[in-house]
Amino acid sequence: MAAFLTALKPGIICPQCRRPVKEDEILDCEIGLKSVLAECKEQGGGIKRKQQELLALETQSRRTFEDWKNGDMAEIQKEVEQLYREEEKAAQKAAQEQADYTAELEKISSRRQTIDVLLSCGNLTPAEEERLSELRKEIAAKDAVLDQLSRESSKPNQNVASQRDILQSQLNDVNARISAVVDYASVRNELLFKALHTPNVEFQLYDVVKKTGELVPAWKLRYRGTIYQCLSRSEKILAGLEVVELLKRLTGRCYPVFIDDSESVDHIPRPSGQALISKKVADQPLKVQVKNTSMNLPKAG
């Protein structure tokens, strides 16, 4: 801006308004630019003072930080030296304890060896110890004879082998009979429980206690693996129909079946015998439909 004031003349572009300066506006432009220049100088002086203050504050802060750092480092150095001294004392104490333990262990080992010698001899006199050695040799010789007799007695003779073959034949016969009985029981049970078969319904008679593994009596009905209480309305109807058919087979009777809320099921399997089916249809009056189908029903009595 000072350079612009030096070169001020008509036609020059003003740095503030960005317009060419006319000849009659030169004086006003010069006065305005000098005023702005004075304000800039004043602001610059304030910035310089602020900078000096900040530099002084930075110097003081750095000096304070260095003082604190030196003080902290001295304290830490003292703590480190104290820890080193404590570690050295602990190492000396551990070494002393190890030496004491080694000495005590050597004493105990020496004492144990002495006791082992006394125990091996039974705290006997030399004459008694010699007699003990002779008795041990006699025991070893008799053990060898006993072992020889045991090996000879373990050899099977011809009669024993024949008797063993007879017993093995009898055992095979018994095993064959047991296998036949098991097969018979399996087929018999299959025929007995054939009438209890249902396609999707299962009856659970026992529960297992998780903590003890104990079997406790129970009565639960499941449909396709799901307990009855958790079934939907349609699944309950289908499960009930299978149970009804089972009861008919077991009793030999053909009772009529009443099925309510049949609108819950898309397809109801045709039960044996007479069936009464109710179905709710929205916005329809009450209506009864009869479908006759010829059936061979058992006679009364």
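Let me begin with one residue, E242, which touches T198, P199, N200, V201 and Y223 when residues up to four places away in sequence are left out of the count. Please keep in mind throughout that we are looking at a predicted model. E242 itself sits in helix α5, which covers residues 233–251. Is E242 buried or exposed? E242 is buried, and yet it takes part in no salt bridge, since the nearest side chain of opposite charge, that of R224, is 6.4 Å away. That distance rules out a salt bridge because the charged nitrogen would have to lie within 4 Å of a carboxyl oxygen.

R224 takes us to the strands. Strand β1, residues 201–208, pairs with strand β2, residues 215–223, in the antiparallel sense, and seven bridges join the two. If you would like one pair to find on the screen, take F203, whose bridge partner in β2 is L221. These two strands make a hairpin with six residues between them, and in that turn G213 has a positive phi of about 75 degrees. Strand β2 then pairs with strand β3, residues 226–227, again in the antiparallel sense, this time over two bridges, and here R222 has I227 in β3 as its bridge partner. Which residue in the turn between β2 and β3 has a positive phi? It is R224, at about 55 degrees, in a hairpin that leaves two residues between its strands.

Let me now turn to the charged pairs that do meet, for a search of the whole structure finds six salt bridges, and I will describe some of them.

In helix α5, the side chains of K248 and E245 form a salt bridge at 3.7 Å, N to O. The two residues are three apart in that helix, so about one helical turn separates them, and both of them are buried.

Another salt bridge joins the side chains of E66 and K69, at 3.3 Å from N to O. E66 and K69 also stand three residues apart, in helix α2, residues 26–121, and therefore about one helical turn separates them. E66 is partly exposed, at 30% relative accessibility, and K69 is partly exposed as well, at 35%.

Finally, D173 and R177 meet through their side chains in a salt bridge of 3.5 Å, N to O. Both belong to helix α4, residues 158–192, where they are four residues apart, about one turn of the helix. D173 is partly exposed, with a relative accessible area of 39%, whereas R177, at 57% relative accessibility, counts as exposed.

Notes:
Residues are numbered from 1 along each chain as its sequence is written. This is a predicted model: local features need pLDDT of at least 70, side-chain atom pairs count only at pLDDT 80 or more; totals for chains, interfaces and linings use all residues. Side-chain values use heavy atoms; hydrogens and water are left out. Two strands pair if DSSP finds at least two bridges between them. Buried means under 20% relative accessible area, exposed over 50%, partly exposed in between (1.4 Å probe, protein chains only). Lys and Arg count as positive and Asp and Glu as negative; His and the chain ends are not counted. Contact means heavy atoms within 4.5 Å.
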